[in-house]
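Hi,

Here is the structure I promised to pass on. Have a look first, and my notes on what turned up are underneath.

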Amino acid sequence: MTKKKYIYWQDDDMWLGYLEEYPDYWTQGETEEELRENLLDINSELTSGRNTLVSSSL
């Protein structure tokens, strides 16, 4: 597995963050571990070739 760098911080009782490579895709988690899992999910979606994060009204 390739290592990914991410930026994260705690805001009140939530952890927020994004992958350094994809700064427009923020996510959150109730714990730091949940945030990491969400970031891995985002990375999988963005690198899979499928476009499931963006919806179209066409």
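The sheet first: in this predicted model, 3 strands form an open sheet in the order β1-β2-β3, with antiparallel pairing. β1 (6-11) and β3 (22-29) are the edge strands, each with a single partner, so one side of each has no neighbour in the sheet. From one strand to the next, the twist averages 20°.

Zooming in on the start of the sheet, β1 pairs with β2 (residues 14-19) in the antiparallel sense over 6 bridges. Glutamine 10 sits opposite tryptophan 15 in β2, and aspartate 11 has methionine 14 of β2 as its bridge partner. The hairpin of these two strands, β1 and β2, has 2 residues between them, and there aspartate 12 takes a positive phi near 60°.

Now the helix. α1 (residues 32-47) packs on the sheet and touches β1, β2 and β3, with its direction at about 140° to that of β3. Its length checks out too: at 1.5 Å a residue, the 16 residues of α1 should span 22 Å, and the end C-alpha atoms are 23 Å apart, which agrees.

Which residues of α1 are buried? They are Leu35, Leu39, Ile42 and Asn43. These cover an arc of only 100° around the axis, so they lie on the same side of α1. What covers them includes β1, β2 and β3, the strands that α1 touches as it packs on the sheet.

One last backbone detail: glycine 49, just after α1, has a positive phi of about 90°.

Cheers

Notes. Residues numbered from 1 in each chain as written. Predicted model: local features only at pLDDT ≥ 70, side-chain atom pairs only at ≥ 80, totals over all residues. Heavy atoms only, no water. Pairing = 2+ DSSP bridges. Helix = DSSP H or I, 4+ residues; strand = E, 2+ residues; numbered from the N terminus. Axes fitted to C-alpha atoms, helices over the stretch in contact; angles between N-to-C directions. Contact = heavy atoms within 4.5 Å. Expected span 1.5 Å × (residues − 1). Buried < 20%, exposed > 50% of the residue type's maximum accessible area, 1.4 Å probe, protein only. Arc of directions from axis to C-beta.
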